[in-house]
Amino acid sequence: MNSAINILWFKRDLRLTDHRPLIQAIADGKPLLLLYIFEPELLADPHYAMRHWRFVWQSLEDLNQQLAPLNAKIQIAQGEALETLQQIYQRHPIVSIFSHEEIGLQLTFDRDLRIKAWCESEGIQWHESPCGGVIRAARDRRGWQRNWDRQIKRALLPAPTKAINSVQVNMTPYSPPPEWLEHHSAFQHGGERAAHHCLKSFFKERGQPYYKHISSPMLSRKSCSRLSPYLAWGNLSLAQAYNAAKNHAGQGEWERSMRAFRSRLHWHCHFMQKFESETSMQIRSMNAGYAEFPWRTDAQVNRDLERWKHGQTGVPLVDACMRALNATGYINFRMRAMLVSFLCHYLKIDWRLGAEHLASRFLDFEPGIHYPQMQMQAGVTGIHTLRIYNPTKQAQEQKQVDQFIQRWVPELSALPEQLRLTPWELTPMERLMLDSPLEYPEPIVDLQQAAKEARDLFWGWREREAVKLDGERILARHVMR
Ligand SMILES: Cc1cc2nc3c(=O)[nH]c(=O)nc-3n(C[C@H](O)[C@H](O)[C@H](O)COP(=O)(O)OP(=O)(O)OC[C@H]3O[C@@H](n4cnc5c(N)ncnc54)[C@H](O)[C@@H]3O)c2cc1C
């Protein structure tokens, strides 16, 4: 029989610095298998797309380059997690598994329950460290802020610097699909070192006008931190991002931006906590009063959904945002909210039909932020202010929208500037005078009429007794009093 080992199971925590399970596993001293598992069940899940796995692959390559001088390497397996662990166990007694808690989809929650049961039956210790400021199985928000402060405002843990007692086990080497190896300059590159590069550039220069540019689809691409994929895949811990912001000695514009940035790091965990406490948010509206909400069910729903997904709604800002997201994996918060509002309020399409598409496009897909945000923007929580975003007004209010629309909806470039936001106002005469025919669809809905209908429907529904009643339950469970 081979000697007993410990396993460090990398999940959404692909870094070496500020990694508590890694430090604990090394300190334990037993031969250590550093393991990442590509799980077919997850690879096939519609929330995920090639862009995510490419990012993970880039992150693993980066870690292995950093680990080489420490005589260590992450072994990469493909298989369902439980089966993979069982196969390893057949040849190597496993004493302990170290990992972070995962605030994931129902799929990974169920998988972790199976693994927990197996560990218990085999006498294997599974040591899980908390994920940021999220409390596992919290019943309400009592003590939540204190815990957040303790987990996030603390000294960072150093990366290992000495050789690791690392082992490899007998396993078929994993070879990634060729597309994962291709570099795509439109997408952020995965990896701990890329994350630090992004962090440094934000605090050195990009972040100064952060609070001013945060809602502009064009300017936010540079002035927002762009740390979200690195936080979502764990190339960076939340404590690292918070520390960097806290230590930034800026004044004036910088100070205001840093305050806004720090509050968003707080929201990060706040939303994830909601999902952790109520995973059913993935499949049903959080507020039970919306169970019977009259979403559209007509024969055109699928056609309209496809137009929304592909940026073909005929509403320039909506289409530009979706196309930018599809092509680059990123769009800023305000525009994400507008895309959901357009789907749910203007098209009256059930938020559940758009959730997987957006998840598969966001390079930073983080289930615990995504689902609570989807529901909040769709207006089905019954506790938040209902925001029905007018896409034309958004386009008029945000900075550099014209450049953004010209970049992503080039069909409109031939129009005079004032009509690029509202091409439906083009008169038949103006249309005739264009050099070439306008290849852009008519708007999918009459915006004014759809907004009015949405206001009547959503505000009216909110007044229902069932919505108010469940709203009370939600406040008691998810809100700090
Ligand atoms: C419908 C919808 C879905 C979303 N899905 C995701 C998702 O899957 N993953 C994700 O990371 N963010 C999600 N967000 C939140 C937000 O849009 C992104 O975090 C942000 O745009 C990422 O860009 P940034 O890193 O430059 O953010 P910055 O503005 O620089 O913020 C720094 C960090 O704070 C956190 N953060 C910022 N805004 C929010 C917010 N509103 N709620 C919670 N955390 C926030 C993120 O971790 C972000 O990286 C979603 C928002 C909406 C409206």
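1. Let's start with the ligand and its neighbours in this predicted model. Helix 13 is the top contributor to the shell around the ligand, giving six residues. Find helix 13 at 253-277 in the sequence, then look for the other elements that give two or more residues to this shell: helix 11 (228-232), helix 16 (333-346) and helix 18 (367-378).

2. Which residues are the closest to the ligand? They are Cys224, Ser225, Ser228, Arg264 and Phe333, out of 28 residues that surround the ligand. Try picking these five out on the structure first.

3. Now sort the shell by class. Around the ligand there are 16 nonpolar residues, seven polar ones and five charged ones.

4. It helps to know the domains here. The assignment for the protein chain lists domain 1 (5-129), domain 2 (137-157 + 192-277) and domain 3 (282-478). Notice that domain 2 is written as two stretches, 137-157 and 192-277. Domain 2 and domain 3 each supply at least three residues to the shell around the ligand.

5. Turn next to domain 1 and domain 2, whose C-alpha centres are 25 Å apart. Their contact takes 16 residues from domain 1 and 16 residues from domain 2.

6. Which elements give two or more residues to the side of domain 1 that touches domain 2? Helix 1 (20-28) and helix 3 (50-67) do, and helix 3 gives the most, with five residues. By class, this side of domain 1 has seven nonpolar, three polar and six charged residues.

Methods:
Residues are numbered from 1 along each chain as its sequence is written. This is a predicted model: local features need pLDDT of at least 70, side-chain atom pairs count only at pLDDT 80 or more; totals for chains, interfaces and linings use all residues. A residue is near a molecule or strand if its C-beta atom, placed from the backbone, lies within 6 Å of it. Helices (H or I, at least four residues) and strands (E, at least two) are DSSP runs, numbered from the N terminus. Ala, Val, Leu, Ile, Met, Phe, Trp, Tyr, Cys and Pro count as nonpolar, Asp, Glu, Lys and Arg as charged, and the others, Gly among them, as polar. Domain bounds come from an automatic or database domain assignment. Two residues are in contact if their C-beta atoms, placed from the backbone, lie within 7 Å.
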